[in-house]
Structures are given as structure tokens and as C-alpha cells.
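Trainee: I have the sequence and the model open, but I get lost when I try to look at everything at once. Please pick one part, take me through it slowly, and explain each term as you go.

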Amino acid sequence: MFGEQSGRGGRNLYELLGLQAPKTVPSELMQGAYHEFSIELLSKYAGDYMVLTSSAQLEELQADPVWGSLPAIKNNKVYIWTEEESWFRDPIALLKQTQDLADWIIELNTTSK
């Protein structure tokens with residue numbers, strides 16, 4: 001999980017777009033750059049939307065029953081970024097990343113109505 005001070009979408013979502021992590025995520029997990037946890041905790045921490053910054057582990061995730069039970073997965077609200085798209089934190093990259101995420105959120109919310 002990427003926090004508020006992280007690249008890879010964390011800063012974009014929480015600082016620039018002003019979104020909040022699910023209330024079940026302890027605040028100390030959000031303060032650092034990132035936090036690793038087991039897939040068993042994913043259902044506790046996952047929100048209505050998910051952003052993955054790599055597809056490298058996607059097959060492994062999809063094979064786990066926890067993955068298929070998540071609301072974001074059931075409702076097709078998952079954004080998959082390549083590492084190259086989400087890695088950099090310079091102003092130009094942050095602007096592009098933030099715009100991409102905002103466009104995705106807007107598209108999901110206008111097509112689901």
C-alpha cells in the first residue's frame with residue numbers, strides 16, 4: 001500500500017486529489033511511503049477503488065479467493081498502471097499521473113450512472 005508521501009499514485013490520490021484512504025487503514029500506514037502486508041489483510045484495507053502500479057503479481061492475486069471477493073474487483077474499479085507510468089515524481093510526471101487518475105475516476109463515475 002502506497003501512502004500519502006509516496007510516488008506510485010499515493011501523493012497524487014491523497015494530497016493532490018484530496019481523496020481519503022478507507023477508514024479501516026490505520027493512519028500510521030498512510031504516513032510512510034509504503035507498507036507491505038499479507039493478502040489476508042487486503043479485504044480489510046481495500047477501498048471501493050484500487051490502483052495497482054504493476055501487473056507483475058496480477059495472476060498470483062487473481063488466483064487468490066480474497067482478490068475476487070473485493071468490492072473494487074467485483075465492480076471493475078481497478079486501475080492498472082505500469083511501473084514506468086507511476087514511478088517518477090517530478091512535476092511534469094505528477095501532473096500527467098494526476099490527470100490520468102482523475103480521468104479514470106471521472107470515467108468510472110459517469111459510465112456507472
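**From a loop to the rings**

Mentor: Asp64 has a relative accessible area of 21%, so it is partly exposed (buried means under 20%, exposed over 50% and partly exposed in between, with a 1.4 Å probe and protein chains only). Before we go on, remember that this is a predicted model: local features need pLDDT of at least 70, side-chain atom pairs count only at pLDDT 80 or more, and totals for chains, interfaces and linings use all residues. Residues are numbered from 1 along each chain as its sequence is written, and side-chain values use heavy atoms, leaving out hydrogens and water.

Asp64 sits in the loop between helix 4 and helix 5. Helices (H or I, at least four residues) and strands (E, at least two) are DSSP runs, numbered from the N terminus. From the C-alpha atom of Asp64 to that of Ala93 the separation is 33 Å, with their positions 29 residues apart along the chain.

Both helices beside that loop feed a nonpolar core, a set of buried Ala, Val, Leu, Ile, Met, Phe, Trp, Tyr and Cys residues joined through side-chain atoms within 4.5 Å. The largest such core has ten residues, among them Leu58, Leu61, Val66 and Trp67. Strand 1 (50-52), helix 4 (58-63) and helix 5 (65-69) each give two or more residues to this core. Trp67 is a good place to zoom in: setting aside neighbours within four places in sequence, its contacts include Leu42, Met50, Leu52 and Ile73 (contact means heavy atoms within 4.5 Å). A second, separate core has seven residues, including Leu13, Leu101, Ile105 and Leu108. As background, nonpolar side chains tend to be buried together in soluble globular proteins.

Now follow the chain to Asn76, in the loop between helix 6 (71-74) and strand 2. Asn76 is exposed, at 60% relative accessibility. Its phi is positive, near 55 degrees, although the residue is not a glycine. In general, most residues other than glycine have a negative phi.

Next come the rings. Rings of Phe, Tyr and Trp (its six-membered ring) pair if their centres lie within 6.5 Å; planes under 30 degrees apart count as stacked, over 60 as edge-to-face, and the rest as tilted. That rule gives three aromatic pairs. One of them joins Tyr79 and Trp81 edge-to-face, at 5.7 Å centre to centre and 75 degrees between the planes. Tyr79 also pairs with Trp104; this pair is tilted, with 5.1 Å between the centres and 50 degrees between the planes. Because Tyr79 lies in strand 2 (residues 78-80) and Trp104 in helix 8 (residues 91-111), the pair ties together parts that are 25 residues apart in sequence. Ring pairs link Tyr49, Tyr79, Trp81 and Trp104 into a cluster.

How covered are these rings? Tyr79 is buried at 16% relative accessible area, Trp81 is buried at 1%, and Trp104 is buried at 11%. Asp100, placed in helix 8, is buried as well, at 17% relative accessibility. Beyond its neighbours within four places in sequence, Asp100 is in contact with Tyr79 and Trp81. So, if you start your own tour at Tyr79, you can step to Trp81 through an edge-to-face pair and to Trp104 through a tilted one.
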